[in-house]
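Me: I have a model open and would like to learn how to read its features one by one. Could you take me through them, giving the idea and then the case?

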Amino acid sequence: MPLETPARIVRALVSRGYNAEREAVTLIAGSDDPGNTLARVVETVPDDALRITADHVREVLASAPAADPSGTASQSAAASDPSVSGAVSGDSTTHAGQNTPSEAKGSPTGRNTDQSVRSLDIANDMTGQSTGTGEYDDFVKVFRDRYAKLSKMLRGRVNHRPTKALSNMSGGEDAELIGLVDDVRSTKSGHWIIDLEDTTGTFPCLVMKDKGIASYVDDLLLDECIAVEGTLSGDGGILFVDSMHFPDVPRSYRPNTADRHVQAALISDVHVGSQEFMADAWNRFAEWLHTEEAEHIEYLLIAGDMVEGVGIYPNQDEELDVIDIYDQYEVFSEHLKSVPGDIDIVMIPGNHDAVRLAEPQPGFDDELRDIMSVHDAQITSNPSMVTLEGVKILMYHGVSLDEVIAELPSEKASYDEPHKAMYQLLKKRHVAPQFGGHTRLAPEELDYLVMEDVPDIFHTGHVHKLGWGKYHNVLAVNSGCWQAQTDFQKSVNIDPDSGYAPIVDLDTLNMTVRKFS
Ligand code: D5M
Ligand code: FE
Ligand code: ZN
């Protein structure tokens with residue numbers, strides 16, 4: 001493995017028992033042959049030293065015969081700009097032995113770099129698992145799976161009778177039903193009819209406008225799963241609904257927390273390649289991650305839209321700074337390099353990224369992974385459940401939020417309070433309930449978009465608005481963006497929250513937000 005990234009250099013030094021100043025790591029990474037430089041630094045460091053200083057690395061570099069004049073130039077660039085690190089293939093023989101016992105557990109900032117106390121697991125990554133052919137049958141399968149998973153959550157609360165059996169019951173009987181919302185319409189007199197569908201058919205359910213539950217009708221999205229209880233009409237043809245249930249998160253849900261004080265930064269929507277990408281804010285953020293204040297941040301989650309992409313929206317090319325999609329990922333990768341190498345990164349794609357648009361979106365392909373390999377980031381599908389030290393974080397880019405915000409009354413979901421739209425998804429236990437609108441769904445055998453497990457943290461982006469709050473003790477965070485207002489956003493009055501980094505304490509689920517713009 002080449003030794004070109006700060007992460008690997010820190011690891012190599014730590015495994016040899018050394019701490020290092022940040023600048024020392026940057027200097028090694030920026031040298032012509034980082035592997036060789038590291039070996040010479042370690043060889044010549046005083047016996048009693050625990051910490052590699054930048055001065056020491058400079059001495060080593062100065063004592064070496066310069067390979068060519070440009071080498072010196074890149075070293076000084078590296079010293080002043082942490083985002084510049086030499087892309088040099090290292091000498092694997094100098095890569096530190098894995099079994100060298102290590103006592104030093106620090107990074108230049110004092111950040112814990114002991115991988116044995118960190119833990120990062122990813123569940124339901126569907127990259128490479130796609131089975132869909134786009135045929136009608138696949139849509140049937142994915143909806144069957146959705147119904148199976150969501151109706152199971154509601155079975156304990158109602159005694160479901162299949163719609164087919166309801167059709168054969170006589171009028172006046174009590175009945176309970178679990179179904180996917182197939183249609184919602186109002187009657188002439190202002191009552192509501194909801195058609196619910198299960199695996200045996202569809203049944204009409206009537207909600208009277210003056211019942212308390214009528215307010216729930218406003219929240220319904222097509223294709224979500226609900227349960228109703230009520231009484232059959234005299235002719236047995238319709239169910240008068242008395243109560244309605246959602247799969248939901250139990251009110252008493254007790255979230256998991258980490259056993260030590262450790263933090264994660266939750267960001268999204270970097271949009272590198274756009275003229276509005278805020279490089280200065282990003283650099284300040286990356287710089288800050290190197291400081292003591294950020295020493296507890298050991299994880300960075302990026303919830304999609306790494307780059308601006310090409311051809312995503314009409315006339316978007318007029319606002320591009322980097323025209324070629326691969327070049328955009330190259331530049332993104334450069335920006336990733338300025339993040340301290342001892343922070344673990346997880347990334348999922350968004351609607352601007354170069355993967356299929358239909359959800360679930362598989363993680364980036366090998367070519368893009370290769371371009372973004374600098375930081376050994378974990379790349380997974382959108383959505384994915386990422387568990388950090390026991391804390392389950394559901395990462396989802398958030399395209400369905402546009403729809404939730406468009407469909408629901410503004411007090412329940414709005415761009416100013418994106419976390420409230422997230423509450424609705426938690427209540428429906430599905431990240432993108434409505435099929436056929438804005439959000440494109442890929443037909444798969446399984447519905448990867450169902451929230452089978454309750455997350456402890458729900459992390460989305462996409463709407464470029466910062467917002468967070470707790471829903472039944474689950475922390476919902478929408479992370480803002482790193483892109484200033486675009487012409488389109490100006491035209492529709494979207495005022496983005498750009499250049500903020502939400503930071504979560506994984507031991508308490510407390511949130512703080514840092515502004516870098
Ligand atoms: O979208 C950021 C937000 O802005 C999201 O709420 C969609 C909306 N948006 C941005 N550009 C457009 C266009 N051209 N049409 C419709 N909606 C748009 P993101 O996709 O993350 O850039
Ligand atoms: Fe975005
Ligand atoms: Zn987006």
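Me: Which residues are the closest to ligand 1?
Reply: A residue is near a molecule or strand if one of its heavy atoms lies within 4 Å of it. By that rule 14 residues surround ligand 1, and the closest are Asp305, Tyr313, Asn351, His352 and Asp402. The model is predicted: local features need pLDDT of at least 70 and side-chain atom pairs count only at pLDDT 80 or more, while totals for chains, interfaces and linings use all residues. Residues are numbered from 1 along each chain as its sequence is written, chains are lettered from A and ligands numbered from 1 in the order in which they are written, and side-chain values use heavy atoms, with hydrogens and water left out.

Me: What is 2.8 Å from an N or O atom in the side chain of Asp305?
Reply: Here the term is polar contact (a pair of N or O atoms within 3.5 Å; within protein, one must be able to donate a hydrogen and the other to accept it, and residues adjacent in sequence count only if both atoms are side-chain atoms). For Asp305, the partner at 2.8 Å is an oxygen atom of ligand 1. Tyr313 has a polar side-chain atom 2.8 Å from an oxygen atom of ligand 1, and for Asp402 the distance from a polar side-chain atom to a ligand 1 oxygen is 2.7 Å. Of the 470 Å² that ligand 1 exposes when taken alone, the protein buries 87%. Those areas come from the Shrake-Rupley method with a 1.4 Å probe; for residues, only the protein chains shown count as cover.

Me: How should I read a sheet, and what is the strand order in the one that contains S3?
Reply: Helices (H or I, at least four residues) and strands (E, at least two) are DSSP runs, numbered from the N terminus. Two strands pair if DSSP finds at least two bridges between them. In this case six strands form an open sheet with mixed pairing, in the order S3-S13-S14-S15-S17-S16. S3 (120-123) and S16 (466-471) are the edge strands with a single partner strand each, so one side of each has no neighbour in the sheet. From one strand to the next the twist averages 20 degrees.

Me: How many bridges join S3 to S13?
Reply: Four, and the two strands run antiparallel, with S13 covering residues 384-388. Leu120 stands opposite Leu388 in S13. Helix H13 (residues 418-428) packs on this sheet and touches S15 (457-460), S16 and S17 (474-479), its direction making about 40 degrees with that of S16.

Me: What describes two packed helices?
Reply: Two packed helices are described by the angle between their axes and the distance between the axes. Axes are lines fitted to C-alpha atoms, for helices over the stretch in contact, and angles run from 0 to 180 degrees between N-to-C directions. Angles under 35 degrees count as roughly parallel, over 145 as roughly antiparallel, 65 to 115 as roughly perpendicular and the rest as oblique. The axes of H2 (residues 22-30) and H4 (residues 54-63) come within 7 Å and cross at roughly 25 degrees. H2 is therefore roughly parallel to H4. Contact (heavy atoms within 4.5 Å) is made by Glu23, Ala24, Leu27 and Ile28 of H2 and by Ala54, Val57, Arg58 and Leu61 of H4.

Me: At what angle do H12 and H13 pack?
Reply: The angle is about 100 degrees, with the axes of H12 (residues 399-407) and H13 9 Å apart. H12 is therefore roughly perpendicular to H13. Ser400, Leu401, Val404 and Ile405 of H12 meet Ala421, Met422, Gln424 and Leu425 of H13 in this contact.

Me: How many residues lie between S5 and S6 in their hairpin?
Reply: Two residues lie between them. Seven bridges join S5 (residues 192-198) to S6 (residues 201-207), and the strands run antiparallel. Ile193 has Leu206 in S6 as its bridge partner. S6 also pairs with S8 (residues 239-245), in the parallel sense over two bridges.

Me: Which backbone values deserve a look?
Reply: Most residues other than glycine have a negative phi, and most peptide bonds are trans. The bond from Glu359 to Pro360 is cis, with omega near 5 degrees, and Pro360 lies in the loop between S11 (344-348) and H11 (366-371). Another cis peptide bond joins Asn382 and Pro383, with omega about 0 degrees. His462, in the loop between S15 and S16, has a positive phi near 70 degrees.
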